[in-house]
Amino acid sequence: ILPSVDALLGIRNTSANLREAVKTFENYVPRDHRDFLDHLRNAPESVKSFIESRRHSIDEGTWFALAAAFNSCISRVLDFRWRHWSFVEQFIVRPASSKAS
């Protein structure tokens, strides 16, 4: 879900570790899912680019409301991502590394 949300919102991962983890994960999802992600990533416009492109064509107050709503979405995605990662670490990474020792 997170890779599709990133693509729709226009989020580009700045963390090399996160990009690599997503790339590795995508090797395990069905081909149709990877194709769907590619479609979203190559769409002509994301939510971010849609909002950015309207900066000078809509009422300033409306634009700032859109930008604030977008920023709120980004914040929620980041919160969810970190909570998700803590569960992955707690229930997958740590148990796997303790079994490998």
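This is a chat about how the helices pack in a predicted model.

User: Before we start, what should I know about the model and its numbering?
Analyst: It's a predicted model, where local features need pLDDT of at least 70 and side-chain atom pairs count only at pLDDT 80 or more, while totals for chains, interfaces and linings use all residues. Residues are numbered from 1 along each chain as its sequence is written, and side-chain values use heavy atoms, leaving out hydrogens and water.

User: Cool. At what angle do α1 and α5 pack?
Analyst: Helix α1 (residues 2-9) and helix α5 (residues 60-100) pack at about 160 degrees, and their axes are 12 Å apart. Helices here are DSSP runs (H or I, at least four residues), and strands are E runs of at least two, numbered from the N terminus. Axes are lines fitted to C-alpha atoms, for helices over the stretch in contact, with angles from 0 to 180 degrees between N-to-C directions.

User: So are α1 and α5 roughly parallel or antiparallel?
Analyst: Roughly antiparallel. The cut-offs are under 35 degrees for roughly parallel, over 145 for roughly antiparallel, 65 to 115 for roughly perpendicular, and oblique for the rest.

User: Which residues make that contact between α1 and α5?
Analyst: From α1 you have L2, V5, D6 and L9, and from α5 there are F70, C73, I74, V77, F80 and R81. Contact means heavy atoms within 4.5 Å. By class, the α1 and α5 contact has eight nonpolar residues, no polar ones and two charged ones. Nonpolar covers Ala, Val, Leu, Ile, Met, Phe, Trp, Tyr, Cys and Pro; charged covers Asp, Glu, Lys and Arg; the others, Gly among them, are polar.

User: You listed R81. Is R81 buried or exposed?
Analyst: R81 is buried, at 10% relative accessible area. Buried means under 20%, exposed over 50%, and partly exposed in between (1.4 Å probe, protein chains only). Not counting residues up to four places away in sequence, R81 touches L2, D6, N13 and L18.

User: And what about H84, how exposed is that?
Analyst: H84 lies in helix α5 too, and H84 is partly exposed, with a relative accessible area of 38%.

User: New topic: how do α1 and α3 cross?
Analyst: The axes of α1 and helix α3 (residues 31-41) come within 8 Å and cross at roughly 20 degrees. That makes α1 roughly parallel to α3.

User: Which residues meet there, in α1 and in α3?
Analyst: P3, S4, A7 and L8 of α1 meet F36, L37, L40 and R41 of α3. Sorted by class, that contact of α1 with α3 has six nonpolar, one polar and one charged residues.

User: Which residues form the largest nonpolar core?
Analyst: There are eight: L2, L9, I11, I51, W63, A67, F70 and V77. A nonpolar core is a set of buried Ala, Val, Leu, Ile, Met, Phe, Trp, Tyr and Cys residues joined through side-chain atoms within 4.5 Å. The largest share, four residues, comes from α5.

User: What does I51 touch?
Analyst: Leaving aside neighbours within four places in sequence, I51 is in contact with W63, L66, A67 and F70.

User: Last one: where is T14?
Analyst: T14 is in the loop between α1 and α2 (16-26). T14 counts as exposed, at 77% relative accessibility. T14 and N27 are 13 residues apart in sequence and 20 Å apart in space, C-alpha to C-alpha.
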